[in-house]
Amino acid sequence: MLIVLDPGHGGNDSGAVGNNFLEKDINLNISLKLKDIVKSKNINVIMTRDKDISLGLQERCDIANKNKADYFISIHCNGFKDTSAKGTETYSYPGSIIGAKLAVSIQRSIVSMLNTIDRGTKTANFYVLHHTDMPAILIETGFITHFEDVNLLVNKPNLFATAISNGIFNFLGLQGVSISDDIEKLHQGGLINDYHDPESYVKWKDFASVILKLIGGYKK
Ligand SMILES: [Zn+2]
């Protein structure tokens, strides 16, 4: 099983802009966390980009097609001149039954976990949906131009990543992961860097680095 994750935009293409944030940064942030969670289920993941670089739409499709990915998931945020527009919507390619099913699963998961407005699942002839060979979806996670949505996108990227992951896992018939408030608190406090499955084992190197951060480094 191989999933290609595609953080929209990047480099000199910022995507939508709102409330002093750039879409490309939010897309990448959520996608990097999403990658960690999906990989924790032993699913292979390839990112079309894992840093702030420019990448053409065909290049993104080529990465998925050449690697014969099973699914292609593009992560975006919406923007609109009317700053009251808000909510989540997920797109699949017209006529793709599997794509539509995956879109519904992810859309439901995001809306229920983040409590964003449900703008529903839609079909569209977007380039990356059209030119990929496998079921492909594009998620508009929320509106960067809406103050509530952008607050969630910037401050709760882990929740978006967990919600999208659980949408994927539900679609694949796998058990979802739970978000642990305690783990989230350690993450926000800077004691741990990445998402950790609450049920996974701690390695000594991770344990040691948390202890060192707690006591403020080595004492002589
Ligand atoms: Zn976008």
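**Close-up 1. A nonpolar patch on the surface, built by V202, W204, F207, I211, L214 and I215.** Together these side chains make up about 670 Å² of nonpolar surface in this predicted model. One of them, I211, sits in helix α8, which runs over residues 204-215. I211 comes out as partly exposed, at a relative accessible area of 35%.

**Close-up 2. K205 and D206 pair up in a salt bridge.** The N to O distance here is 3.8 Å, which falls within the 4 Å allowed for a salt bridge. K205 is exposed, with a relative accessible area of 59%, while D206 is partly exposed at 29%. The model has 7 salt bridges by this rule, and the next two views pick out others.

**Close-up 3. E89 and R119 in a salt bridge between two strands.** The side chains meet at 2.9 Å, N to O. E89 belongs to strand β6 (residues 88-92) and R119 to strand β7 (residues 118-123), so this is a link between distant parts of the chain, 30 residues apart. How buried or exposed are the two partners, E89 and R119? E89 is buried, at 4% relative accessibility, whereas R119 is partly exposed at 33%. K122 joins in as well: E89, R119 and K122 are linked in a network of salt bridges.

**Close-up 4. K24 of helix α1 reaches D52 in a loop.** Their side chains form a salt bridge with an N to O distance of 3.1 Å. D52 lies in the loop between β4 and α2 (57-66), and the two residues are 28 apart in sequence, so distant parts of the chain are linked here too. K24 is buried, with a relative accessible area of 10%; D52, at 41%, is partly exposed.

**Close-up 5. The zinc ion and its protein donors.** Which atoms hold the donor positions? They are NE2 of H9, OE of E23 and ND1 of H76, and they lie 2.1 to 2.2 Å from the zinc ion. Along the chain, the donors follow the spacing H-x13-E-x52-H. E23 is in helix α1 (residues 23-39) and H76 in strand β5 (residues 71-78), so this pair ties together parts that are 53 residues apart in sequence. E23 is buried, with a relative accessible area of just 2%. H76 is buried as well, at 11%.

**Close-up 6. Inside the largest nonpolar core.** This core has 34 residues, and I73, I106, I164 and I168 are the ones with the most contacts inside it. At least two core residues come from each of β1 (2-7), α1, β4 (44-47), β5, α3 (97-114), β8 (136-143), α5 (147-155) and α6. Helix α6 gives the most, with 8 residues. As a general backdrop, nonpolar side chains in soluble globular proteins tend to be buried together.

**Close-up 7. Helix α6, residues 157-172, from end to end.** Why does the length of α6 look right for a helix of 16 residues? At 1.5 Å a residue α6 should span 22 Å, and its end C-alpha atoms are 23 Å apart, which agrees. Of those 16 residues, 14 are buried, so α6 is largely enclosed by the rest of the structure. Just after the helix comes G173, with a positive phi near 80°.

Conventions
Residues are numbered from 1 along each chain as its sequence is written. This is a predicted model: local features need pLDDT of at least 70, side-chain atom pairs count only at pLDDT 80 or more; totals for chains, interfaces and linings use all residues. Side-chain values use heavy atoms; hydrogens and water are left out. Helices (H or I, at least four residues) and strands (E, at least two) are DSSP runs, numbered from the N terminus. The expected span of a helix is 1.5 Å times one less than its number of residues. Buried means under 20% relative accessible area, exposed over 50%, partly exposed in between (1.4 Å probe, protein chains only). Donors are N, O and S atoms within 2.8 Å of the metal (3.2 Å for Na, K and Ca); water is not among the atoms, so sites may look incomplete. Patches are made of residues with over 30% relative accessible area and no salt bridge: like charges are joined within 9 Å, nonpolar side chains (Val, Leu, Ile, Met, Phe, Trp, Tyr) within 5 Å. Accessible areas come from the Shrake-Rupley method with a 1.4 Å probe; for residues, only the protein chains shown count as cover. A nonpolar core is a set of buried Ala, Val, Leu, Ile, Met, Phe, Trp, Tyr and Cys residues joined through side-chain atoms within 4.5 Å.
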